[in-house]
Amino acid sequence: MLSVTEDIPLFTSWIGTRRHITVYRFGVGRPGPKIYLQGGLHADEPPGMLVLHHLIRLLQERDDEPNGEIIIVPCANPIGLSQRIQGHLAGRSDLGVGGNFNRNFPDVSAQLGEQLSLLRSEGHVLDEAAIRLALRNAVAVVVPKTELDSMKKALLGLAIDADYVVDAHCDNGEVVYAFVSDPDHPAADLLSRHIRSVVTIGGRADVVTFPAACYRPWRVARELLPDVAATRRLAATIEYRGTRDVSDDVATEDAQGLIGFMEAVGVLESSGKVQPEAVSLRTTLECVEYVQISAPGLLIFSKATGDNVEAGEEVAQILDPTTGERKSVTARSSGIMFGRVGSRVAVPGSTIATIAGTAPLATDPGDPYP
Ligand SMILES: [Zn+2]
């Protein structure tokens, strides 16, 4: 399969420093569904970057061409990749004032109506192609003030008109899980099956993550042009196990899972393989418990990710080594523990684990991982 590589330069915030984002494009200009995939938005999460490296390789080795476009950014965050503190890569949050790299993306929903009106005044028929163009135009008029702004604009500009958006991250556990913008989208189930997601969580977050910035405008498009914007979009975050799960063999299997998904939704010609069985618990954000702690100490987990947990059951202990006192941390809900924090030093007020159940919880955790 033919690929075109492009470097998108970022706005320069620092004298003597120029960064860029490298983009791999397959099926440039071909009609059909478009999929956008990126890794490393949290730059200290290498598994997704490796999966996309192998995905690019596997696509380049194919003899066919896609039934649409595939855009892949294996390293979405060169700013984060350059942040080191005391020998550790600090790639999750901007060391300046930008905060979590996966927050505060521009939400162009509010500009969509104006952009569609402009296109209508220029004689465009307001069909789906016009919506895609209006969305690209809405991103194009965003004015970046910093290098970080320009990075977010560049990523969003590549993904905003895609039918499928995949943002590859990782956690600190042993399992693959996913967040999806629309759990009822037929492709949500296909994605879960092909990536072997243990838990797939749907629902809208209040914060503007990258996937949220990609799917929110399409919801507005459906409201503005319900007869035209019938095609649903799916934006997903895949969490590929833990930060140290960096293996060519595993990443190749994960890349093959993404190829299976692309075949299932028609971006690639089907190889006729049987659809994998569903292994996922499907639930919503309201049914996710963020286990938070109130005491300092050493964090000793009693449960691993992927384990079933009953309400009231211990998931961890917090040990104060100066007194020997241990505090038990218990689950409020029953479900599957799917995520856990990387540090084993407990910080009061922080989230140490996540449990996916099937019953909504009364409390709103806010942004559990700011
Ligand atoms: Zn992440």
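**Helix pair H5 and H7**

I looked up how helix H5 (residues 147-159) packs on helix H7 (residues 210-224), and found an angle of about 45 degrees with the axes 10 Å apart. That angle makes H5 oblique to H7, since angles under 35 degrees count as roughly parallel, over 145 as roughly antiparallel, 65 to 115 as roughly perpendicular and the rest as oblique. I note that axes are lines fitted to C-alpha atoms, for helices over the stretch in contact, and that angles run from 0 to 180 degrees between N-to-C directions. The helices and strands named here are DSSP runs numbered from the N terminus (helices H or I, at least four residues; strands E, at least two).

I should record that this is a predicted model, in which local features need pLDDT of at least 70 and side-chain atom pairs count only at pLDDT 80 or more, whereas totals for chains, interfaces and linings use all residues. Residues are numbered from 1 along each chain as its sequence is written, and side-chain values use heavy atoms, with hydrogens and water left out.

The crossing of H5 past H7 is right-handed, the term for a near helix turned clockwise from the far one by less than a right angle, with left-handed for anticlockwise. At the interface I listed Leu155, Leu156 and Ala159 of H5 meeting Phe210, Ala213 and Cys214 of H7, where contact means heavy atoms within 4.5 Å.

I then checked H5 on its own. Its 13 residues should span 18 Å at 1.5 Å a residue, and the end C-alpha atoms are 19 Å apart, which agrees; the expected span is 1.5 Å times one less than the number of residues. Ten of the 13 residues of H5 are buried, so this helix is largely enclosed by the rest of the structure. Buried means under 20% relative accessible area, exposed over 50%, and partly exposed in between (1.4 Å probe, protein chains only). The buried set of H5 includes Glu147 and Lys152, as well as Leu155, Leu156 and Ala159, and I note that these last three also meet H7.

**Helix pair H3 and H4**

For helix H3 (residues 109-121) and helix H4 (residues 128-140), I found axes that come within 9 Å and cross at roughly 120 degrees. H3 and H4 are therefore oblique to each other, and H3 passes H4 in a right-handed crossing. From H3, the residues Gln111, Leu112, Gln115, Leu116 and Leu119 take part, and among their partners in H4 are Ala130, Ile131, Leu133 and Asn137.

**Helix H6 and Arg196**

Seven of the ten residues of H6 are buried, so I describe this helix too as largely enclosed by the rest of the structure. Among the buried residues of H6 are Ala187, Leu190, His194 and Ile195, and their cover includes strand S9, strand S10 (176-180), S11, S12 and helix H8.

Directly after, I looked at Arg196, which follows H6 and lies in the loop between H6 and strand S11 (199-202). Its phi is positive, about 60 degrees, although Arg196 is not a glycine. With a relative accessible area of 44%, Arg196 is partly exposed.

**Gln86**

I found another positive phi, near 50 degrees, at Gln86, again a residue other than glycine. Gln86 sits in the loop between strand S5 (84-85) and strand S6 (88-89), and at 78% relative accessibility this residue counts as exposed.

**Helix H8**

I compared the 17 residues of helix H8 (residues 248-264) with their expected span of 24 Å, and the end C-alpha atoms are 24 Å apart, which agrees. At the start of H8, a side-chain oxygen of Ser247 comes to within 3.3 Å of the backbone nitrogen of Asp249. The buried residues of H8 include Ala251, Asp254, Phe261 and Glu263, and what the buried residues pack against includes helix H1 (46-61), strand S4 (69-73) and helix H6 (186-195). After H8 comes Gly266, with a positive phi near 90 degrees.

**Gly297 and Lys303**

Gly297 lies in strand S15 (residues 297-301) and is buried, with a relative accessible area of 13%. I noted that Gly297 and Ile318 are 21 residues apart in sequence but 5.4 Å apart in space, C-alpha to C-alpha.

Lys303, in the loop between S15 and strand S16 (308-309), is buried at a relative accessible area of 16%. The Lys303 side chain reaches the backbone oxygen of Asn308 at 3.3 Å. Not counting residues up to four places away in sequence, Lys303 also touches residues including Glu313, Glu314 and Arg340.

Notes. A polar contact is a pair of N or O atoms within 3.5 Å; within protein, one must be able to donate a hydrogen and the other to accept it, and residues adjacent in sequence count only if both atoms are side-chain atoms.
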